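Colleague: I should like a close look at a single part of this model, namely its charged side chains and how they are paired. Please set that part in the context of the whole chain.

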Amino acid sequence: MMVFLDSANREIVKSALGFIKLAIHIYPADIVREHLSQILKSLLGWSHGHRNHFKMQVRYICERLMRKVGYEELLACVEGNEDGKKILANIKKRKEHAKKMKAKAVEQDQVSV
């Protein structure tokens with residue numbers, strides 16, 4: 001799959017991203033951890049470009065990986081890649097912000113009732 005993710009053909013990459021999404025969902029965390037650095041290296045290659053649709057898919061896959069193996073393990077796998085660190089930090093910050101907003105909304109609902 002990593003060869004397909006590194007391909008220049010967008011149709012092949014689209015199929016490979018779909019498979020990676022499914023594999024992350026189905027396989028246990030131990031199997032995903034074995035290939036984590038390879039997956040992230042190939043994925044982060046597609047996270048550049050302003051008009052790139054794959055950017056959102058890469059973010060979604062990284063979010064799933066974060067839930068599966070944890071933020072610290074992902075960060076350890078992208079040690080040399082500053083762009084990868086930025087993407088992961090942004091995802092973590094968005095998740096924390098969404099959690100805060102959800103808690104605030106629940107609190108406001110309880111006060112108004």
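Modeller: The account below begins with the overall fold, turns to the charged side chains, and then covers the surroundings.

The model is predicted. The protein has 113 residues, of which 34% count as buried. Its secondary structure comes to seven helices and zero strands, so that the elements run α-α-α-α-α-α-α from the N terminus on. Taken along the principal axes, the C-alpha atoms fill a box of roughly 55 × 35 × 30 Å. Among contacts between residues at least 6 apart in sequence, 63% join residues at least 24 apart. The accessible surface comes to about 7,800 Å², and carbon and sulfur atoms account for 56% of that surface.

Against this background, the charged side chains can be taken in turn. Side chains of opposite charge can pair when their charged atoms come close. The count for this model is five salt bridges. One of the pairs is K95 with E63, whose side chains meet at 3.7 Å, N to O. This pair links distant parts of the chain, since K95 belongs to helix α7 and E63 to helix α5, with their positions 32 residues apart in sequence. The two partners differ in burial: K95 is partly exposed because its relative accessibility is 37%, whereas E63 is buried because its relative accessibility is 17%, which is under the 20% limit.

E63 also enters the description of R59, a residue of helix α5, which spans residues 54–69. R59 is buried yet has no salt bridge. The nearest side chain of opposite charge to R59 is that of E63, at 5.3 Å. A salt bridge requires a nitrogen of Lys or Arg within 4 Å of a carboxyl oxygen of Asp or Glu, so a separation of 5.3 Å leaves R59 and E63 unpaired. Leaving aside neighbours within four places in sequence, R59 is in contact with N90, I91 and R94.

A further group of charged side chains involves K85. K85 forms a salt bridge with E79, the closest N and O atoms being 3.9 Å apart. The side chain of K85 also meets that of E82 in a salt bridge, at 3.6 Å, N to O. K85 and E82 both lie in helix α7, three residues apart, about one turn of the helix. Salt bridges that share partners also join D30, R33 and E73 into one network. As for accessibility, K85 is partly exposed because its value is 23%. E79 is partly exposed because its relative accessibility is 49%, and E82 is partly exposed because its relative accessible area is 49%.

The cysteines offer a contrast to these pairings. A disulfide is a covalent bond between the sulfur atoms of two cysteines. The count here comes to zero disulfides. For C62, the closest cysteine sulfur is that of C77, 11 Å away, and therefore too far for a bond. The surroundings of the two residues may be described separately: C62 is buried, with a relative accessible area of 0%, whereas C77 is partly exposed, with a relative accessible area of 30%.

Turning from charge to packing, helix α4 covers residues 36–44, and its buried residues are L36, I39, L40, S42, L43 and L44. These buried residues pack against α1, α2, α3 (29–34), α5, α6 (71–77) and α7 (82–112). Among the elements they meet are thus α5 and α7, the helices that carry E63 and K95 respectively.

The surface also has a nonpolar patch. The patch is formed by M1, V3, F4, I12, F19, L22, I26, Y27 and I31, with about 830 Å² of accessible area together. Helices α1 (2–5) and α2 (10–26) each supply at least two of the patch residues, and α2 gives the most, with four. One of the patch residues, L22, lies in helix α2, and L22 counts as partly exposed because its relative accessibility is 45%.

In summary, the charged part of this model includes a bridge from K95 to E63 across distant parts of the chain, two bridges made by K85, to E79 and to E82, and a network of D30, R33 and E73. R59 stands apart as a buried residue with no salt bridge.

Technical notes
Residues numbered from 1 in each chain as written. Predicted model: local features only at pLDDT ≥ 70, side-chain atom pairs only at ≥ 80, totals over all residues. Heavy atoms only, no water. Buried < 20%, exposed > 50% of the residue type's maximum accessible area, 1.4 Å probe, protein only. Lys, Arg positive; Asp, Glu negative; His and termini not counted. Contact = heavy atoms within 4.5 Å. Patch = residues over 30% accessible without salt bridge, like charges linked within 9 Å, V, L, I, M, F, W, Y side chains within 5 Å. Areas by Shrake-Rupley, 256 points an atom, 1.4 Å probe, with all protein chains shown as cover. Disulfide = S-S within 2.5 Å.
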